[in-house]
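Biologist: Please take me slowly through one part of this model, with every term pinned to its cut-offs. I would like one connected account rather than a list.

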Amino acid sequence: MDGFSADELRPLVETVYAALTEGARDRAGAAPRGGPESVAERVAKAVGDVLPRGGTGDREALYALVHVLAEGAADPAEPHCAAHLHCPPLAVAAAADLAASALNPSMDSWDQAPAASELEARATAALAAVVYPDLPAPDALVTTGGTESNQLALLLARERAAGGPRVQTICGANAHHSVQRAAWLLGLPNPVVLATPAGVLDPVVLDRTLDELPVRRALVVATAGTTETGAIDPLADIAKVTARHEVELHVDAAYGGPLLFSRRQAAKLDGLQSAVSVTLDLHKMGWQPVAAGLLAVPDGGALRPLDHRADYLNAQDDTEAGMPDLLGRSLRTTRRPDILKIAVTLRSLGRDGMAALVDTVCELAQTLAAKADAHPGLTLYGPPAISTVLFRPADASDEDVAELRRRLLYEGRAVLGRARADGRLWLKATLLNPRLRPEDLDGLLALAAGPPHPTGSTEGTTAP
């Protein structure tokens, strides 16, 4: 890096720090107040002319737009922002991401990313070994997240079946929506979707379905951490069923995968190692900035269907001369070195440090569930499987629950999710902030138990 980047970057980083700090101070809560219209007005005022005739200069432009972004953020670092699988990134990971942006390697050819490509090869192999610890040469690809990883898993299954019957995907109703979209995108039959009244895929129902399946080429997709409740399918039993029927198993562990770091939590994923592919997503319970997805496979040879040749990127003679071929490491061509922030985090914290964060958020969820269960104004859905807790005001209708959630969001006081389970609408708190305190949990439940306003009262709400 020369003066074009390094010397000019330091004061701009200081500007970003000031804008982030002051934007969060001006927001003063989990989310901006006033709802969509109010946020749009503030953004319009701050941005003005997006493409002015004459520029305003680096520091002014940077401060103005970062400030309005921070002021208008649903900030996952705020104690009462717990709606989604949206973590507060570790500072060390965010700093590494800055370095990746400054150096700007492109991971589609070795001559654009000499060191980054070697780092990616080593770090993905190490993470694959966490998933498949007993295998000699597991591998993993870096993706943009669970959706891309699931799509790649179905693509690889389709290619393994080339020349045979089309792959029939089978999943539970609890599976991520990306499974059905991937089947559509890849020209595969619509997935067979099995009812999951208990919130998880039932191995007995799966066994019966496979008995009756007219096409023997199937890919069963199990879920380790659903988006609704955080539930984990009974992977060990599902693996036995798929082995008996000689069909393949893919596990979407985008949420639950990091449980593998923890000695205390890893047993929840017993059976995972039987899968032909596993989705991981470290911008959920891995505390990485978006994007930080992975698809792990038991052996690097499973990735050969992705091999692709473009002479200007991976000429055959360059490959034969020893230059690594990166083009088959993704369906994307240009892509960022997202592995850097992941590798920095793993080196900084180690496996024990990652485990401590995982254990902390799981314990926080248990504490929140116990508090909700004991609260006279709340009803708890059930004990959390990972770090997602569902609860609702005891005497509220579904309409009241929906309205309460919107009101808290529009007032900027809390960002809670929503989930349907057992035929009812629940408030959802997904705890991914390991720095939460008991009083933060108490405050969140107090807001959730507050008297709901009349249904629809959020319409037209503006900032005070």
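Modeller: Two strands count as paired if DSSP finds at least two bridges between them, and the elements themselves are DSSP runs numbered from the N terminus, helices being H or I over at least four residues and strands being E over at least two. This is a predicted model, in which local features need pLDDT of at least 70 and side-chain atom pairs count only at pLDDT 80 or more, while totals for chains, interfaces and linings use all residues. Residues are numbered from 1 along each chain as its sequence is written, and side-chain values use heavy atoms, with hydrogens and water left out.

The part I have chosen is an open sheet of 7 strands, which follow one another in the order 1-7-6-5-4-2-3 with mixed pairing. Its edges are held by strand 1 (139-143) and strand 3 (192-194), each of which has a single partner strand, so one side of each is left without a neighbour in the sheet. Ignoring direction, neighbouring strands here are turned against each other by 20° on average; axes are lines fitted to C-alpha atoms, for helices over the stretch in contact, and angles run from 0 to 180 degrees between N-to-C directions.

Within that order, strand 4 (residues 218-223) pairs with strand 5 in the parallel sense over 5 bridges, and one of the pairs across them sets Val220 against Leu249 in strand 5. Strand 5 (residues 248-252) has 5 of its 5 residues buried, so it is largely enclosed by the rest of the structure; buried means under 20% relative accessible area, exposed means over 50%, and partly exposed lies in between, for a 1.4 Å probe and protein chains only. In a regular strand, the side chains alternate between the two faces of the sheet. Strand 5 shows this split, with Glu248, His250 and Asp252 pointing one way and Leu249 and Val251 the other, and all of them are buried.

Just before strand 5 comes the loop from helix 9 (235-245), and Glu246 sits in that loop. Glu246 has a positive phi of about 55° although it is not a glycine, and it is exposed, with a relative accessible area of 74%. Most residues other than glycine have a negative phi, and most peptide bonds are trans.

Both of those tendencies are also broken further along, where the sheet turns antiparallel: strand 6 (residues 277-281) and strand 7 (residues 293-297) pair in the antiparallel sense over 4 bridges, with Leu280 opposite Leu294 in strand 7. Trp287 lies in the loop between strand 6 and strand 7, and its phi is near 60°, a positive value in a residue other than glycine. Trp287 is buried, with a relative accessible area of 1%, whereas Glu246 is exposed. Ala291 has its place in the loop between strand 6 and strand 7 as well, and the peptide bond joining Val290 and Ala291 is cis, with omega at about 5°.

Turning to the helices, helix 8 (residues 203-212) lies across strand 2 (168-172), strand 3 and strand 4, and it runs at about 150° to strand 3; contact here means heavy atoms within 4.5 Å.

Helix 6 (residues 146-160) deserves its own look, since it has 15 residues and reaches 21 Å from its first C-alpha to its last, close to the 21 Å expected at 1.5 Å a residue, where the expected span is 1.5 Å times one less than the number of residues. Among its buried residues are Gly146, Asn150, Leu152, Leu154 and Leu156. The axis of helix 6 comes within 9 Å of that of helix 7 (residues 177-185), and the two cross at roughly 50°. Helix 6 and helix 7 are therefore oblique to each other, given that angles under 35 degrees count as roughly parallel, over 145 as roughly antiparallel, 65 to 115 as roughly perpendicular and the rest as oblique. The crossing of helix 6 past helix 7 is right-handed; a crossing is left-handed if the near helix is turned anticlockwise from the far one by less than a right angle, and right-handed if clockwise. At this meeting, Gly146, Thr147, Asn150, Gln151 and Leu154 of helix 6 touch Ser178, Val179, Ala182, Ala183 and Leu185 of helix 7, and of the helix 6 residues named here, Gly146, Asn150 and Leu154 are buried.
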